[in-house]
Amino acid sequence: MSAFKSDFLRTLSERGFIHQISDESGLDALFAKEIVTAYIGFDATAKSLHAGSLIQIMMLHWMQQTGHKPVALMGGGTSMIGDPSFKDEARKLLTPADIEDNLVGIRKNFAPFLKFGDGATDAIMVNNADWLMEINYVNFLRDVGRHFSVNRMLAFDSVKLRLDREQSLSFLEFNYMILQAYDFVELSKRHGVRLQMGGSDQWGNIVNGIDLGHRMGTPQLYALTSPLLTTSSGAKMGKSASGAIWLDPEMLSPYDFWQYWRNTEDADVGRFLRLYTALPMDEVGRLAALGGAEINDAKKMLATEITAMLHGRDAAEAAAETARKTFEEGALADSLPTIEVGKEEFDAGIGLLTLLVRAGLAASNGEARRHVQGGAVRINDTPVSDERLLVTLTDVTPEGVVKLSLGKKKHILVRPV
């Protein structure tokens, strides 16, 4: 670990955010002497970011906490094309209306982590559609395109991967790296940006921007990338068996978000505490050192701290209490995920397999049958082994629900209406 002079790089280094820096000493000196403006780009491919983007959001958070100015660049323009990096095939093209809807949702994801405003270290949100949609193509080729070597672009890992697999790479996608480099130059001119950050898969694209800046007369630009994270077992961050771990509470409840982090693998607890919470490093060290059954206390703390940063302390503590009641007391908790089913279906009796699929605990009747046969299904905390069971109003508890459980950690309340 380098002995950085600047608070920002020292913080990022000790917390495990740094994979590569284009010029360590130059960037460190810059951060030590002035307020630095830096950006990370986020494409608008969904209505919310997911947990895989949290490492980037936290990098912007620590920038601001150490006295610098973060820029969240929304890819309203580049989302019209889609980043081909390390993808096996082209993304589905989005309409301008899709992109604008997505941008509205994504903006909300940043509010808990950054203070936006007009001050020297206040974060700003910028949309690259502001300049990319105004480009005159012939002028762009003359002024920008002439600085790019196709030979060099073909050597980038993100491009080589597609070509080596003999998969199509369209001219549309090939332009993406030129547009991303141009973003860096535009942000330097418009907002004094000196640094672009991103995941390690973005290194080639970011260095392209530095080179373009040299040729187009910007001040010295810098690159900093973070490691591409997977869990210890190799799973991709931000995804679970049931889908993406969205940051929007309307797309994923705070309780389910809390549960995702509570289920962290033992080997990842210390690393995730450093990356995804703002806990002091000595407290991180204490929690990471816990072993045996005590590691569960560290996981609960991890889940609660991450959920508190995103959804607020009250929501995080409510999720923790819901989990405690559900798992430690076996009680019903009002904040468990709930679905509603018509009373008439209960009158006739609704098949257990159908109900498991309806509740999202199984993808098909066949999968639901295997869960029942494997002894993983419980109704109101009582194991059931009859796959032909009909659930009726007699199964409704005094609280007015049926508690449907799969294994120890997945619970859905079914409410007759």
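In what order do the six strands of the open sheet with mixed pairing stand? In this predicted model, the order reads E1-E6-E5-E2-E3-E4. Strand E1 (20-21) and strand E4 (124-127) take the edge positions, and each has a single partner strand, so one side of each is left without a neighbour in the sheet.

Before looking further into this sheet, it helps to view the chain as a whole. The chain has 417 residues, and buried residues make up 50% of them. Its secondary structure comes to 19 helices and 15 strands. Taken along the principal axes, the C-alpha atoms fill a box of roughly 75 × 50 × 40 Å. Among contacts with a separation of 6 or more, 72% are between residues 24 or more positions apart. The chain exposes about 19,100 Å², and carbon and sulfur atoms supply 50% of that area. As for charge, there are 44 positive and 53 negative side chains, and the centres of the two sets lie 3 Å apart.

Back in the six-stranded sheet, strand E5 (residues 193-199) is a good place to start. Seven of the seven residues of E5 are buried, so this strand is largely enclosed by the rest of the structure. Strand E2 (residues 37-43) pairs with E5 in the parallel sense over three bridges, and within this pairing Tyr39 has Gln196 of E5 as its bridge partner. Strand E6 (residues 222-226) also pairs with E5 in the parallel sense, here over five bridges. Gln196 appears in this pairing too, standing opposite Ala223 in E6. Gln196 can therefore be followed from one pairing to the other, with Tyr39 as its partner in the first and Ala223 of E6 opposite it in the second, in a strand that counts as largely enclosed because seven of its seven residues are buried.

Helix H3 (residues 54-65) offers two glutamines to inspect. Gln56 is found in this helix and has a relative accessible area of 12%; the cut-off for buried is under 20%, so Gln56 counts as buried. Leaving out residues up to four places away in sequence, Gln56 touches Ile40, Phe42, Gly198, Gly199 and Ser226. The strands described above can be recognised in this list: E2 spans residues 37-43 and E5 spans residues 193-199, while E6 spans residues 222-226.

Gln64 also lies in helix H3, and at 12% relative accessibility it counts as buried. The side chain of Gln64 reaches the backbone oxygen of Thr121 at 2.8 Å. Thr121 is also one of the residues that Gln64 touches, alongside Pro70, Phe113, Leu114, Lys115, Asp122 and Ala123, again not counting residues up to four places away in sequence.

A further open sheet is formed by five strands in the order E9-E15-E14-E11-E12, and its pairing is mixed. Strand E9 (338-341) and strand E12 (382-383) stand at the edges with a single partner strand each, so one side of each has no neighbour in the sheet. At the E12 edge, strand E11 (residues 377-379) runs antiparallel to E12, and two bridges join them. Here Ile379 stands opposite Thr382 in E12.

Towards the other edge, strand E15 (residues 410-416) has five of its seven residues buried, so E15 is largely enclosed by the rest of the structure. E9 and E15 run parallel and are joined by four bridges, with Glu340 standing opposite Arg415 in E15. Strand E14 (residues 402-406) pairs with E15 in the antiparallel sense over five bridges, and Val402 stands opposite Val414 in E15. E14 and E15 form a hairpin with three residues between them, and Gly407 in the turn has a positive phi of about 65°.

The segment after E15 contains Val417. Val417 and Gly342 are 75 residues apart in sequence, yet their C-alpha atoms are 5.0 Å apart in space. Apart from neighbours within four places in sequence, Val417 is in contact with Glu340, Val341, Gly342 and Lys343. Glu340 thus links back to the sheet itself, as the residue that stands opposite Arg415 in E15.

Methods. Residues are numbered from 1 along each chain as its sequence is written. This is a predicted model: local features need pLDDT of at least 70, side-chain atom pairs count only at pLDDT 80 or more; totals for chains, interfaces and linings use all residues. Side-chain values use heavy atoms; hydrogens and water are left out. Two strands pair if DSSP finds at least two bridges between them. Buried means under 20% relative accessible area, exposed over 50%, partly exposed in between (1.4 Å probe, protein chains only). A polar contact is a pair of N or O atoms within 3.5 Å; within protein, one must be able to donate a hydrogen and the other to accept it, and residues adjacent in sequence count only if both atoms are side-chain atoms. Contact means heavy atoms within 4.5 Å. Accessible areas come from the Shrake-Rupley method with a 1.4 Å probe; for residues, only the protein chains shown count as cover. Lys and Arg count as positive and Asp and Glu as negative; His and the chain ends are not counted. The place of a charge is taken as NZ of Lys, CZ of Arg, CG of Asp or CD of Glu.
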